[in-house]
Amino acid sequence: MFRKVILTMKFTCDKSLLAEAINIVCLAVTSKATIPSLEGILIKCDHQQITLTGYNLELGITKNITAHIQEEGTIILNASLLTNIINKMPNGNITLSTNAQLMTQIQCEDIEFTISGLNAEDYPEIPQINQNQQLLLEQGTFKNMISQTLFAVAQTEQTPIYTGTLFDITPQQLSVVSVDGYRLAMRTEPISQADTYHFIVPGKTLNEIQKILSKLNLDPTEDIQILVSDKHIIFEISEYHIISRLLEGDFLDYHNAIPKDCKTKVSIETKDFIDSINRASIIINDRTKSPIKCEFFEDIIKLSCETSLGKIQDSFSSQTEGENVKIGFNNKYMLDALRASESDKILLEMNGPLSPIKILPMQGNSFLFLVLPVRLKD
C-alpha cells in the first residue's frame, strides 16, 4: 500500500479521540487470521494527522484523526492488544512512538507500555474504487431501514447471494430487501435519484455498520454518503470510510414473490400478538419444534401449539375482514417480523393457509414482511 516505509514514528493524541477511532476501526479486524498483519491496525502518521485502518480482506474501515506528529511513519499494531491498552489509559494525551526495530512505546502520564509491531509493508492493499453511483441518505433513515430488514438475511452459505441485502434504486424510491428462503423483509423510502440500479451488500457489512452507528450516536439528520462501483461500496459516516466488497449473483425477483391477492385482512395490536406468541414459545425449543397454529375469526384470534413439553391455547381480539383462515407459522420468524415493524398496530393479509403471511403498516407502504406458512397436519 505504501511505496516507502519509515520505521520511526511518534505522535501525541487525545485519548478520547484515539480510543473512539480504534474501537470502531477494530470492527474490521479479524481475531484469528492466517496473515498476522490482518490481526492488526495499520497506523500511518503524516501531515499532522493519523490514519487508522482495519481490514479483513472483505471489509475495511479507515479514520483520520488530528494529532501532534513529531515523526512521520507507519506500523501495524495488534488490534486486540492496542484496544485494551488505549481503553484502560486515563483521560489525557497519549504519546505513541516506534523505533527502527518496531518496538512501540505507549505513554500516558506515568503509565508506559512497550509492545512489538509489524512492518507496514506486510499490510494488504485496500481496494481503490472508481465511483459509478452516489447515494445520500439521512443516518436515522438508513439505520431504520437496515434494522427492519437485516434480520431476514440468510445465515448460511447454502445460497450465498441471500447472505446479503439488496438495495434496489429507482428515480423515485429506494427499496432494501432481505430474504432467507423462509421470509422476506422489505423497507422502502422515497428518494430523488437520476438512475436506476441495484447492488447487494453483505449482511456482515451491514451488521458492522449498525454497530458503528450505535457507538457514534450521531445526529439522525446527518447524511451518509454511499459510493458504489461494480464490485465495491464505500459508506462515509462521520469521517469514517467503510469499504466492502459487493455480492455478485441473481437476487430473488421479490416483486413476483409478494402475493397480489388477498382473501383475509386482519387489523391487530402488535403487542397482543407478540405476547401470545411468546407464551406459546415457552413449550418450543430446538428439540421440540412445532408450528404455532392461528385461527382468524371476525373479532378474535385463537392461537394454539402442542409439543412434547405441553400445549397452550390462547386468544385475543382483532378485526378481520374477509374469509376466516387457519394457518401455521414458525414462532421465531413471526416474532422477528412483528418486532421489526416498530408499530403499535399492523395489518396482516392472507390468501389462504398455504400462501405467505403479509405484514404491513396500517397506513402507507414503508415496510412489508412475508412469513411463509407451515403446513398443518390436520
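Q: Over how many bridges do strand 11 and strand 12 pair?
A: Welcome to a predicted model, in which local features need pLDDT of at least 70 and side-chain atom pairs count only at pLDDT 80 or more, while totals for chains, interfaces and linings use all residues. Residues are numbered from 1 along each chain as its sequence is written, and side-chain values use heavy atoms, leaving out hydrogens and water. Strands (E, at least two residues) and helices (H or I, at least four) are DSSP runs numbered from the N terminus, and two strands count as paired if DSSP finds at least two bridges between them. Strand 12 covers residues 173-179, and its antiparallel pairing with strand 11 runs over 4 bridges.

Q: Which residue of strand 12 is the bridge partner of Asp-168?
A: Follow the chain out of strand 11 and you pass through a hairpin of 3 residues into strand 12. Across this antiparallel pair, the partner facing Asp-168 is Ser-175.

Q: Which residue of strand 14 is the bridge partner of Leu-166?
A: Strand 11 also pairs with strand 14 (residues 197-202), in the antiparallel sense and over 6 bridges. Within that pairing, Leu-166 is matched with Ile-200.

Q: How many residues of strand 11 are buried?
A: Here buried stands for under 20% relative accessible area, exposed for over 50%, and partly exposed for what lies in between (1.4 Å probe, protein chains only). Strand 11 spans residues 164-169 and is mostly covered. In a regular strand the side chains alternate between the two faces of the sheet. For strand 11, the buried count is 6 of 6.

Q: What percentage of the residues in the protein is buried?
A: Let's step back to the whole chain, which has 7 helices and 26 strands. Its C-alpha trace spans about 80 × 50 × 35 Å along the principal axes. Of the 378 residues, the buried share is 52%.

Q: How many residues apart in sequence are the parts that Lys-63 and Glu-239 tie together?
A: A salt bridge here is a side-chain nitrogen of Lys or Arg within 4 Å of a carboxyl oxygen of Asp or Glu, and the side chains of Lys-63 and Glu-239 form one at 3.6 Å, N to O. Because Lys-63 lies in strand 4 (residues 59-66) and Glu-239 in the loop between strand 16 (232-237) and strand 17 (240-245), the pair joins parts whose separation in sequence is 176 residues.

Q: Is Glu-239 buried or exposed?
A: Its salt-bridge partner Lys-63 is buried, with a relative accessible area of 8%. Glu-239 is not a glycine, yet has a positive phi of about 70°. Its relative accessible area is 60%, so Glu-239 counts as exposed.

Q: At what N to O distance do the side chains of Lys-271 and Asp-275 meet?
A: Both residues sit in helix 6 (residues 270-281), 4 residues apart, about one turn of the helix. Lys-271 is exposed at 59% relative accessibility, and Asp-275 is partly exposed at 25%. Their salt bridge has an N to O distance of 2.7 Å.

Q: In which strand does Asp-314 lie?
A: Asp-314 meets Arg-279 in a salt bridge of 2.9 Å, N to O. The pair ties together parts 35 residues apart in sequence, because Arg-279 belongs to helix 6 while Asp-314 lies in strand 21 (residues 310-317).

Q: Is Arg-279 exposed or partly exposed?
A: Its partner Asp-314 is buried, with a relative accessible area of 16%. The value for Arg-279 is 40%, so this residue counts as partly exposed.

Q: How many salt bridges does the structure hold?
A: Some of them share partners, joining Asp-180, Arg-183, Lys-332 and Asp-336 into one network. For the structure, the total is 11.

Q: In which loop is Asn-217 found?
A: Asn-217 has phi near 50°, a positive value in a residue other than glycine. At 68% relative accessibility, this residue counts as exposed. Its place is the loop between helix 4 and strand 15.
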